[in-house]
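I opened this notebook to work through one chain from its details outward. The entries below follow the order in which I looked things up.

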Amino acid sequence: MLRLHTETACRRGGALGLRLADLDTDCGLLRLTEKGATLRWQPITLDLAAHLDEHARARGAVLPTDLLLRYRNGRAITSRRYDHLWKRIGQQLPWVAAQGISTHWLRHTTLTWVERHFGYGIARAYAGHTDSHRAGHHHIHQSRPPCRGGRASRHGRPTTPARRRRGPRLRAVTANGKLPATAGRSRTGQVRPVGGTSAVGS
């Protein structure tokens, strides 16, 4: 369950509603239906897909409409399973209880990681937010333009992120090729010339 939430950033309700038909073990995809009846195919690692399929079938899931997450006795789990799970984890790891680690915390942490590595737009899609659903601002904060290639590289899957285009860099150098003491770097990592002004775009 923890692996499912750290890979997909899905909500508790989305995980509880998963059916056998929502799992694509060949392509490593999971169909999530969540808040506001939003539906999306979320990429997951093939390892997680295989283990979810094994878990469901070993505990009695047969029909495509059978729920995916189940107790050992074959019954589908409920939200009480999450409450009990975090209570047990908190008893074994006091810092989990002290810091309020929860399923929602896992979602927030995963979305933050995706946003920092692949951009705000990718993180919004990863969270399952549409253009009309602005709740994403509660989970992710824009820090740079979006780029392609999010998928599940955080968990070892290969990705091909797009190269980001970089503008020309201005370097302020002295006769010996070293940066003068008054020169610094801008927030984008570019070197600012002495005086802090740029001839580009002037």
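**Entry 1: a residue in helix 7**

I began with A127, which I found in helix 7, the helix that spans residues 120-127. I keep in mind throughout that the model is a predicted one. Is A127 buried or exposed? Its relative accessibility is 0%, and since buried means under 20%, A127 counts as buried.

I then asked which residues A127 touches, once those up to four places away in sequence are not counted. I noted R11, E34, R40, R107 and L111 as its contacts. I also looked up the spacing between A127 and H108, which are 19 residues apart along the chain, and their C-alpha atoms are separated by 9.2 Å.

**Entry 2: the three-stranded sheet**

R40, one of the residues touched by A127, led me to strand 3, which covers 39-43. I see an open sheet of three strands here, in the order 1-2-3 and with antiparallel pairing. Strand 1 (23-24) and strand 3 are the edge strands, and each has a single partner strand, so one side of each is left without a neighbour in the sheet.

How many bridges join strand 2 to strand 3? I count five between strand 2, residues 29-33, and its antiparallel partner. To follow the pairing residue by residue, I noted that L30 stands opposite Q42 of strand 3, while T33 stands opposite L39 in that strand. As a general reminder to myself, strands of a sheet pair through backbone hydrogen bonds, either parallel or antiparallel.

**Entry 3: positive phi values**

The hairpin of strand 2 and strand 3 has five residues between the strands, and within the hairpin I found G36 with a positive phi near 75 degrees. A37, in the loop between strand 2 and strand 3, has a phi near 60 degrees, a positive value in a residue other than glycine. I wrote that down because most residues other than glycine have a negative phi.

A9 also has a positive phi, near 60 degrees, and is likewise not a glycine. I located A9 in the loop between helix 1 and helix 2, the latter being residues 12-16. The surroundings are worth setting side by side: A9 is buried, with a relative accessible area of 0%, whereas A37 counts as exposed at 65% relative accessibility.

**Entry 4: the second largest pocket**

I turned next to the second largest pocket, whose volume is about 320 Å³. Its lining is made up of 15 residues, and those that lie nearest its centre are M1, H55, R59, L69 and R70. Helix 1 (2-8) and helix 3 (46-58) are the elements that give two or more residues to this lining. Which element supplies the largest share of the lining? I found that helix 3 does, with five residues. Sorted by class, the lining of this pocket has seven nonpolar, six charged and two polar residues.

**Entry 5: the whole chain**

Last, I stepped back to the chain as a whole, where the secondary structure comes to seven helices and five strands. Read along the sequence, these follow the pattern α-α-β-β-β-α-α-α-α-α-β-β. The chain has 202 residues, of which 37% count as buried, and I noted an accessible surface of about 12700 Å², with 53% of it belonging to carbon and sulfur atoms. Among contacts in the chain with a separation of 6 or more, 49% are between residues 24 or more positions apart.

Conventions: Residues numbered from 1 in each chain as written. Predicted model: local features only at pLDDT ≥ 70, side-chain atom pairs only at ≥ 80, totals over all residues. Heavy atoms only, no water. Pairing = 2+ DSSP bridges. Helix = DSSP H or I, 4+ residues; strand = E, 2+ residues; numbered from the N terminus. 1 Å grid on protein atoms, 1.4 Å probe; cavity = no way out; pocket = protein on both sides within 12 Å on 5 of 7 lines; lining within 4 Å. Points joined across faces, edges and corners; volume = space filled by probe spheres on them. Nonpolar A, V, L, I, M, F, W, Y, C, P; charged D, E, K, R; others polar. Buried < 20%, exposed > 50% of the residue type's maximum accessible area, 1.4 Å probe, protein only. Contact = heavy atoms within 4.5 Å. Areas by Shrake-Rupley, 256 points an atom, 1.4 Å probe, with all protein chains shown as cover.
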